[in-house]
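Me: I would like to go through a model with you, one topic at a time. Please show the sequence and the structure first.

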2 protein chains.
Amino acid sequence: METKSIHWDGSSLHFLDQTALPGETVFRDTQDYSEVIEAIKKLRIRGAPLIGIAASYGMLLAARQFTTLGYDSFCNNMDASRAQMAASRPTAVNLFWALEQVKQVLRVQNTVDGSVNALEKLALEIHEDDRKRCNAIGTHGATLISDGDRILTHCNAGALATGGIGTALGAIFTAHDQGKNIHVYADETRPLLQGSRLTMWELQQTTIPSTLICDNTAAMTMRDKKVSLVITGADRIAANGDSVNKIGTYGLAIMAAHHGIPFYIAAPKSTIDMRVISGDEIPIEERGAEEVTTINGKRLAPEDVDVFAPAFDVTPNGLIHGIVTEDGICRAPYTESLSKLFAPT
Amino acid sequence: METKSIHWDGSSLHFLDQTALPGETVFRDTQDYSEVIEAIKKLRIRGAPLIGIAASYGMLLAARQFTTLGYDSFCNNMDASRAQMAASRPTAVNLFWALEQVKQVLRVQNTVDGSVNALEKLALEIHEDDRKRCNAIGTHGATLISDGDRILTHCNAGALATGGIGTALGAIFTAHDQGKNIHVYADETRPLLQGSRLTMWELQQTTIPSTLICDNTAAMTMRDKKVSLVITGADRIAANGDSVNKIGTYGLAIMAAHHGIPFYIAAPKSTIDMRVISGDEIPIEERGAEEVTTINGKRLAPEDVDVFAPAFDVTPNGLIHGIVTEDGICRAPYTESLSKLFAPT
């Protein structure tokens, strides 16, 4: 199970417009980096790893748009477009990780053509690299999954969120491929319904039995359906293991702890931000009220109500049984286990 | 703040169609008991106390429809329509409580006219009685609310759910009327959005500051907005205090416990079912998948997904700090405190 959510054909970037799912499978193609920024802002492209990949392709598009400029002007324009790209969404660190790699690659170039070629190589590498990391996360994550498990997940951490099979869903797909009988429960994930629209869509393309629930049905599902494992992705993980993920993850982790159900995070190392000591330091994006008060243009609430609409929340390390990365599963104390991941060997 | 959600004019029953809120304020009127059954099934009339009131008016309509029959036939038809009414929704016990009163009232009658008159008196009494009980619940509940409290509620337990000012919202309205500064956070309450549509609508008609959140934002709201109290209504309370309420309440109680926030239930004694020992014995209505997968006819999830859509969940007594009734606040152990409520004085 691998959905090509993004693809570079040598001159254009093709991407699946995830806001049109599940009703329509709309691919868009662009040669304009500002369309990539717009797509990230509007969540046409979403999922922390995929945002990193899209940003690197976006910077390649920018470079190709500036090739008629002199080298100094090219560099200035690249700096400006990198800043614009960085401002697209604040929480997922993979975006900044990819842009940092772009910066490093550009620093060792001294011509426009050299820069363009280096950025194309980088973007393809980041993309291919993420595919391999997803496979590795899937393999490590699948060791946590036993035959008969009933697994609850939140939002979408699948092929649509990455350049490969996904992170949390990657572990699920891998366990299924290993012949384990599992049942997946997917939170619909208000307000933008990535669970109903995207995760259920991905699961439907497999033979994995799956059931959709409203977010507020998680506690009853844990109890009545005997959920045995909860696994989600992450958008940024602090050095102490505090994990920022889609709004609702924190509550889910509390409910899992209450029921004695292990709660895992699955994410590539690019999601781990060792510069932030704890989750409190991670900026949480707030989205517009209309994402909660309207759906398809129809109002769900009275006009002019006040809305609190954070896109993410912080799950404290104490509620997390393990963080599955491409290099293995980190356990508490995370300050030690995560720093080992980045230690020079 | 009191919304007339139901009204008897002496020949017709007028009720607010709650499915049209907040977009439209549609009053329907009927002289046909089967329309009352349909309205309860379709949630045009909802909220445990209001369902009880509507059922008693519905039985009055039935009686008025059968007046041309002989007395024996009248009685048989009343029995049949009472069974139909009882089958409208399975969880809220106020329905069965009201129908039991109808049965008792009819038992001491021996004419059609006498029966009709007695049922009109009963329905008006049940309605007026609920109004008074709401006021008493509000007064007792307000003693739990302090100046500066930030209160989280779920679903709608207000004027729209009762014959008076409401239960959980009744306590909030009363505290506000007493001059206490409070801020209310309302869960939108998927799938039918009684929180966005109804609770926010009721709150907007007051000067109480209020904020709408998605259900999955409750944990973050508790932590970041320093929620100091959670209060909800209930649809049925077992003799041991286990409380069945709108799906999501159980998770909310777990999250409140995790944050050390007191969690209260507010409901009239008619919601307490002393015949059921624990929540496990209470039937939980499951609703159709389309309530989760579509909104206003537009699909939110792929076709043919499996959905688990219980309308209610059970909050175990151990997570409940108190049950606010019209006769005072019951505390653990509930088996004792609730049975005292019903003890002959």
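Reply: One term beforehand: a residue is buried under 20% relative accessible area, exposed over 50% and partly exposed in between (1.4 Å probe, protein chains only). This is a predicted model, in which local features need pLDDT of at least 70 and side-chain atom pairs count only at pLDDT 80 or more, while totals for chains, interfaces and linings use all residues. Residues are numbered from 1 along each chain as its sequence is written, chains are lettered from A and ligands numbered from 1 in the order in which they are written, and side-chain values use heavy atoms, without hydrogens and water.

Me: Good. Is B:Glu285 buried or exposed?

Reply: B:Glu285 counts as buried because its relative accessibility is 10%. B:Glu285 forms a salt bridge with B:Arg89, with the closest N and O atoms 2.9 Å apart; the term requires a side-chain nitrogen of Lys or Arg within 4 Å of a carboxyl oxygen of Asp or Glu. The two residues are 196 residues apart, B:Glu285 in the loop between S11 and helix H10 (290–293) and B:Arg89 in the loop between H3 and helix H4 (93–107) of chain B. Helices (H or I, at least four residues) and strands (E, at least two) are DSSP runs numbered from the N terminus.

Me: And B:Arg89, buried or exposed?

Reply: B:Arg89 is also buried, since its relative accessibility is 6%. In chain A, A:Arg89, A:Glu285, A:Arg287 and A:Glu291 are linked in a network of salt bridges.

Me: How many salt bridges over all chains?

Reply: The rule gives 34. One of them joins B:Arg299 and B:Glu303 at 3.7 Å, N to O. B:Arg299 is partly exposed because its relative accessible area is 29%, and B:Glu303 is partly exposed because its relative accessibility is 49%.

Me: Let us change to the interface. How many residues of chain A are in contact with chain B?

Reply: 54 residues of chain A are in contact (heavy atoms within 4.5 Å) with 54 residues of chain B. The buried area is about 4300 Å², with 67% from carbon and sulfur atoms; this is the accessible area (1.4 Å probe) that two parts lose on being put together, summed over both. A:Asn216, A:Met220 and A:Phe308 supply 17% of what chain A buries against chain B, more than any other three residues.

Me: What about salt bridges across that interface; how many does the rule find?

Reply: Two. B:Glu188 pairs with A:Arg190, their closest N and O atoms being 2.6 Å apart. A:Glu188 pairs with B:Arg190 at 2.7 Å, and both A:Glu188 and B:Arg190 are buried.

Me: How many residue pairs are in polar contact there?

Reply: There are 20 such pairs across the interface, both residues at pLDDT 80 or more. A polar contact is a pair of N or O atoms within 3.5 Å; within protein, one must be able to donate a hydrogen and the other to accept it, and residues adjacent in sequence count only if both atoms are side-chain atoms. S6(A) also pairs with strand S14 (residues 306–307) of chain B, in the parallel sense over two bridges, and A:Leu212 stands opposite B:Val307. For pairing, DSSP must find at least two bridges between the strands.

Me: Now A:Thr315: what does A:Thr315 touch?

Reply: Its contacts include A:Gly241, A:Asp242, A:Phe263 and A:Ile320, not counting residues up to four places away in sequence. A:Thr315 is in strand S15 of chain A and is buried because its relative accessible area is 0%. A polar atom of the side chain of A:Thr315 lies 3.4 Å from the backbone nitrogen of A:Tyr250.

Me: Lastly, the open sheet in chain B: what is the order of the four strands?

Reply: The order is S11-S8-S9-S15, with mixed pairing. Strand S11 (272–273) and S15 are the edge strands, each pairing on one side only. S8 (residues 236–238) and S9 (residues 243–246) of chain B run antiparallel and are joined by two bridges, B:Arg236 having B:Val244 as its partner. Within their hairpin, which has four residues between the strands, B:Gly241 takes a positive phi near 95°. S9(B) pairs with S15 (residues 312–315) in the antiparallel sense over four bridges, and there B:Val244 is partnered by B:Val314.
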